[in-house]
Amino acid sequence: MVKLNMVKALNLALLQEMERDPDVLVLGEDVGVDGGVFRVTEDLHRTFGGKRVIDSPLAEAAIVGTAVGMALYGLKPVCEIQFSGFAFQCFHQIENHAARYRQRTQGRFHCQMVVRMPYGGGVRALEHHSESEEQFYAQVPGLKLVVPSGPRNARALLVSAIRDPDPVIFFEAKALYHAHKEEVPEETEALPIGQARVAQEGRDLTLIAYGAMVRVALEAAEVLRAEDGAEAEVIDLLTLSPLDRETLVGSVAKTGRAVVVHEAPRSFGPGAEIAASLMEGAFLALEAPIRRVAAVDVPWVGFAREKASVPDVPRVVAAARETLAF
Amino acid sequence: MPRTPLDLRLSVDHLSILDSDGNLDTALEPDIAAGDLKRMYRTMVLGRRLDERMVRLQRQGRIGTFAPIKGQEASQIGAVATLRREDWMVPSFRETAAMLWRGWPIEQLLAFFAGRLEGGRPAPDQRDLPITIPVATQLPHAVGLAYAAQYRGDDAVVMAFFGDGATSEGDFHEAMNFAGVWHVPVVLVCQNNQWAISVPIKKQTHSRTLAQKALAYGFPGIQVDGNDVLAVYAASREAVLRAQAGEGPTLIECVTYRLGVHTTADDPTKYRSEAEVREWERKDPLTRFGAYLEKKTLLEPGLEEELDAEIARAVAVFESLPPADPLTMFEHAYGELPAHLRAQRQEVGERLARTAPDPPAAGEPLPPPPMRGQRKTSRWSN
Ligand SMILES: Cc1ncc(C[n+]2csc(CCOP(=O)(O)OP(=O)(O)O)c2C)c(N)n1
Ligand SMILES: [Mg+2]
């Protein structure tokens, strides 16, 4: 075991997967000599050379588009998009092609590839460097969407994403990169994609979150326990697509109450799909309307006003209290 | 601190070997074996005949919208004829002749245009990508394939097709730039057929040629008479050999013309003159190549009839395909079917079972299937 932050944990996953499989390669802007603007690919260039750790020209569509071609050939590229705000420049390559080649060729080709991107706020960054756009990817059939919540699961999920035969969009919360360290086993470990984690058990209410919002949900649960004597169950989704509805429904069947927390804007966001799934799967158990705590539906507000939009502990606690009192 | 012209040595050739009057530049004439010449001509004629047949099939509602190739046979066959089977071919959506050359069965192409995904599945050993519809987006794939070939140490070459309109797309420029920087074995074949639906090349670019765009990306570009199969072949062969020798990418601009409609949903009389079309009909690639082969006594008598029979057989195979099984739509969404799709498949299966007509009693003849285009009864409508 070593204590690593999320950046180092992700770096370890890349290093070990590249050592294990010569078909794995990394490409993106500044991922080589510089080791990536967040240092996730640090030292990989030195270890594996410029042919496997490619400092690509500055063009997202071609980063993902050439990765699609590499994947069709049988390689397993891992692309880094510098910030999720710039992934619209390659969205068509992800949606039109990476997600569809298996279907389009009826299984003759598929795209085993990962597109990593930092997302989310809380880092006092400029426009396009703070937004949460996971809903766009969650809606695309053919893709998987993984959002780890800490160093250890980030490492284990990146390993699974690289080994997964389908294209995986890998969202890394910037706010978590350096937030805390965790014990991470030195030998490779993998976590199944598509499986949520019960981060904390409880019987009164279910808080559902992913990525950086898991810590917010856990802290809110702590406040509810201390101040209200309520036991919240906290579910860390880890994968948004495919969504682990079984775990969600199982939890809400027990608690009867749910609050979904995410940084993406509320309307048509993941919370809507989660609420609908809970209505379908646990309707008779529901004691209160499902609440969504999410960003407001306005274009980016600037980090000076970010706190008023992105969920925080008091907002989650307040929503939980209303749900409990319903 | 003087201001001095840079010595860039930028130049673009135009290549023509066999012109529309039948004049041949014997010094440039490529050395192509008689059997290959015959096969090239055969595939060009097959492409033309199939095109015409497909227009009729579309009008009859037996296949959906498609993009005819009429007039562009030389650009396609001259280029793909220089590939080996282990090389890759990356088409756009107007490459029927090239696809036939690469071994796509006619009935499979028909299935594709009849909206069946099976039509887009290359054979297990076939190194072809399927038709790509979003303009120019296949070009980064070609560059990625070429990078992968180089990475693995294979000597495969990748050839990609696209139109003049595609050269305005960002993906074209990004792919060109990556190809140049990575120095990969890719041959980019632009079929400049003068039109992108209704937009003429003049409104597409202010460049004098499309070929010259390669120079900005640091690799050679050449313009060829795209209706001259010998010129296209010669330029492609040179590009393929360069790629194989590790000398990087080439852009080939084939100056050609789309003699037919953009797609079967298009009416070109709205945007171009009959006179222009007639002008280009004079430069028909088939006439020119046919005359060249005739001089070499390589023309096969009865070829058209033979090819028409081949097409008729394929149409019959296509028409006898069993109906598409809707439930297979889930099979290739993911490597392994996730839980929510298992549930959706079951839901669809149950819905179809509920709405399907009762099977006929033993001995009773099957009711005729509804005619295409005919309104279906309400019990089918869901
Ligand atoms: C990205 C994208 N935009 C628009 C279209 C619609 N469209 C289909 S073909 C076409 C014109 C393409 O022109 P060109 O590249 O010259 O190829 P051609 O059709 O002449 O073979 C357009 C606009 C499309 N398929 N993809
Ligand atoms: Mg065109």
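Donors to a metal are taken here as N, O and S atoms within 2.8 Å of it, and since water is not among the atoms, a site may look incomplete. In this predicted model, the magnesium ion (ligand 2) has as its protein donors B:Asp164 through OD, B:Asn193 through OD1 and B:Trp195 through O. These donors lie 2.0 to 2.1 Å from the ion. Along the chain, the donors of the magnesium ion follow the spacing D-x28-N-x1-W. Two of the residues concerned, B:Asn193 and B:Trp195, are buried.

The residues that bind the ion also appear in the surroundings of ligand 1. There are 15 residues around ligand 1, and those that come nearest are B:Arg94, B:Asp164, B:Gly165, B:Asn193 and B:Trp195. B:Asp164, a donor to the magnesium ion, also places a polar side-chain atom 2.9 Å from an oxygen atom of ligand 1. Backbone atoms take part as well. A polar backbone atom of B:Ala166 is 3.0 Å from an oxygen atom of ligand 1, and a polar backbone atom of B:Ile133 is 3.0 Å from a nitrogen atom of ligand 1. Ligand 1 exposes 580 Å² when taken alone, and 71% of that area is buried by the protein. Sorted by class, the shell around ligand 1 comprises eight nonpolar residues, four polar residues and three charged residues.

At the level of domains, chain B is divided into domain 1, covering residues 13-319, and domain 2, covering residues 326-352. The C-alpha centres of these two domains of chain B are 37 Å apart.

Two further positions were examined individually, one in each chain. In chain A, A:Arg102 belongs to helix H5, which spans residues 101-104. A:Arg102 has a relative accessible area of 11% and is therefore buried, the cut-off for that class being under 20%. The side chain of A:Arg102 makes a polar contact of 2.9 Å with the side chain of A:Asp166.

In chain B, B:Pro220 is located in the loop that runs between helix H8 (213-216) and strand E7 (221-225). Its relative accessibility is 34%, so B:Pro220 counts as partly exposed, a class that falls between the limits of 20% and 50%. B:Pro220 is separated from B:Ile252 by 32 residues in sequence, while the C-alpha to C-alpha distance between B:Pro220 and B:Ile252 is 8.6 Å.

Note on methods:
Residues are numbered from 1 along each chain as its sequence is written. Chains are lettered from A and ligands numbered from 1 in the order in which they are written. This is a predicted model: local features need pLDDT of at least 70, side-chain atom pairs count only at pLDDT 80 or more; totals for chains, interfaces and linings use all residues. Side-chain values use heavy atoms; hydrogens and water are left out. Donors are N, O and S atoms within 2.8 Å of the metal (3.2 Å for Na, K and Ca); water is not among the atoms, so sites may look incomplete. Buried means under 20% relative accessible area, exposed over 50%, partly exposed in between (1.4 Å probe, protein chains only). A residue is near a molecule or strand if one of its heavy atoms lies within 4 Å of it. A polar contact is a pair of N or O atoms within 3.5 Å; within protein, one must be able to donate a hydrogen and the other to accept it, and residues adjacent in sequence count only if both atoms are side-chain atoms. Accessible areas come from the Shrake-Rupley method with a 1.4 Å probe; for residues, only the protein chains shown count as cover. Ala, Val, Leu, Ile, Met, Phe, Trp, Tyr, Cys and Pro count as nonpolar, Asp, Glu, Lys and Arg as charged, and the others, Gly among them, as polar. Domain bounds come from an automatic or database domain assignment. Helices (H or I, at least four residues) and strands (E, at least two) are DSSP runs, numbered from the N terminus.
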